[in-house]
Amino acid sequence: NQVIVVLASFAEPAKATLEVATRTPKGWMCAESMSARVGSAGVRPLIDRRSGDGTTPAGVFSLGTMTAWDGQVFRFFGNGADPGVSAGTYRRVKAGDCFGATPNQPDYGHLVQRTKAKCPGPDDEYLPSIASAYIHAALIDANMEPNVSGDAPGEIPYAAAIFLHRFNLDANGNPLATSGCVSLGLNNLVEVLKGMQPTTMFAIGEPKWL
């Protein structure tokens with residue numbers, strides 16, 4: 001009944017728009033389009049994507065679900081307090097939360113307990129240190145638990161750490177491309193997160209491809 005549509009730009013690969021489409025008794029209704037950012041190299045179908053290639057996975061994905069190292073099952077997380085999500089559990093980031101994103105390592109695609117100094121792989125993300133971008137975030141189910149490809153030797157590392165999160169900004173306050181996630185301005189992000197439904201889907205890609 002709800003699809004978050006992320007449309008990438010042909011002219012400027014990192015720029016995108018995001019619209020929330022909701023099914024109503026009168027048919028599908030789209031909310032106002034929001035400015036968004038995707039990977040610096042644009043979007044690429046998940047099956048053709050590889051971790052570190054600078055693209056955002058294209059395709060249709062559900063709202064992800066993950067089990068943390070302490071057993072908590074969550075769909076949203078952040079360094080800030082729960083903004084009021086209702087589509088799943090919100091995890092307030094804890095000391096030790098490390099998201100594995102280094103291909104073909106056991107941590108890849110999983111939230112594990114490590115210290116900042118020992119979040120072992122070069123691509124891993126120590127969530128407490130990413131306070132601004134990860135003030136609030138939603139999991140996008142692109143190569144996510146329970147079947148993560150890339151957390152064992154020889155497996156294809158399609159994607160890890162793919163979230164909907166807040167813009168990263170340059171020194172002039174302009175939004176930057178992501179490493180593969182989808183990002184929004186803070187006010188828009190909070191609005192979208194609060195409005196999500198348990199069955200919300202993400203549709204990401206170039207308009208003609210979608």
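Two strands are said to pair if DSSP finds at least two bridges between them. Strands themselves (E, at least two residues) are DSSP runs, as are helices (H or I, at least four residues), and they are numbered from the N terminus.

The structure described here is a predicted model, in which local features need pLDDT of at least 70 and side-chain atom pairs count only at pLDDT 80 or more, while totals for chains, interfaces and linings use all residues. Residues are numbered from 1 along each chain as its sequence is written, and side-chain values use heavy atoms, with hydrogens and water left out.

## Strands E1 and E2 and their partners

Strands of a sheet pair through backbone hydrogen bonds, either parallel or antiparallel. Strand E2 (residues 15-24) is joined to strand E3 (residues 27-30) by 4 bridges, and the two run antiparallel. Within this pair, Thr22 has Met29 in E3 as its bridge partner. The connection from E2 to E3 is a hairpin through 2 residues. E2 also runs antiparallel to strand E4 (residues 34-37), again with 4 bridges, and here Thr17 has Ser35 as its bridge partner in E4.

E2 has a further antiparallel partner in strand E1, with 7 bridges between them. Two residues of E1 illustrate this pairing: Ile4 has Val20 in E2 as its bridge partner, and Val6 stands opposite Leu18. A hairpin through 6 residues leads from E1 to E2. E1 pairs with strand E17 (residues 201-205) as well, in the parallel sense and over 5 bridges. In that pairing, Val6 stands opposite Ile204 of E17.

Residues are called buried under 20% relative accessible area, exposed over 50%, and partly exposed in between (1.4 Å probe, protein chains only). Why is strand E1 (residues 2-8) described as largely enclosed by the rest of the structure? The reason is that 5 of its 7 residues are buried.

## A three-stranded sheet and a disulfide

Another part of the model is an open sheet of 3 strands in the order E12-E11-E13, with antiparallel pairing. E12 and E13 stand at the edges with a single partner strand each, so one side of each has no neighbour in the sheet. E11 and E13 pair over 2 bridges, and Phe99 stands opposite Glu125 in E13.

A disulfide is a covalent bond between the sulfur atoms of two cysteines. In this analysis it is recognised as a pair of cysteine sulfur atoms within 2.5 Å, and the count comes to 1 disulfide. Cys98 and Cys119 form it, with their sulfur atoms 1.8 Å apart. The link of these two residues is right-handed, with 85° about the S-S bond. It connects distant parts of the chain, 21 residues apart: Cys98 lies in strand E11 (residues 97-99), and Cys119 lies in the loop between strand E12 (111-113) and strand E13 (125-126). Both Cys98 and Cys119 are buried.

Cys181 is in no disulfide, and the nearest cysteine sulfur, that of Cys98, is 15 Å away. Cys181 is buried, because its relative accessible area is 6%. Cys30, by contrast, counts as exposed because its relative accessibility is 53%.

## Cavities and the largest pocket

Rolling a probe the size of a water molecule over the atoms shows where empty space is left. On a 1 Å grid over the protein atoms alone, a cavity is a set of points where a 1.4 Å probe fits but cannot get out, and a pocket is an open set with protein on both sides within 12 Å along at least five of seven lines; lining residues have an atom within 4 Å of a point. Grid points are joined across faces, edges and corners, and a volume is the space filled by probe spheres set on the points. Ala, Val, Leu, Ile, Met, Phe, Trp, Tyr, Cys and Pro count as nonpolar, Asp, Glu, Lys and Arg as charged, and the others, Gly among them, as polar.

The structure holds 2 cavities of 30 Å³ or more.

| Space | Volume | Lining by class |
|---|---|---|
| Largest cavity | about 40 Å³ | 9 nonpolar, 2 polar, no charged residues |
| Second largest cavity | about 30 Å³ | 8 nonpolar, no polar, no charged residues |
| Largest pocket | about 310 Å³ | 9 nonpolar, 7 polar, 3 charged residues |

The lining of the largest cavity includes Met66, Phe99, Gly109 and Asn143. Met66 and Phe99 also line the second largest cavity, together with Phe74, Phe77, Leu111, Leu127, Leu139 and Phe163. The largest pocket is lined by 19 residues, and Glu125, Ala160, Ala161, Ser179 and Gly180 lie nearest its centre.
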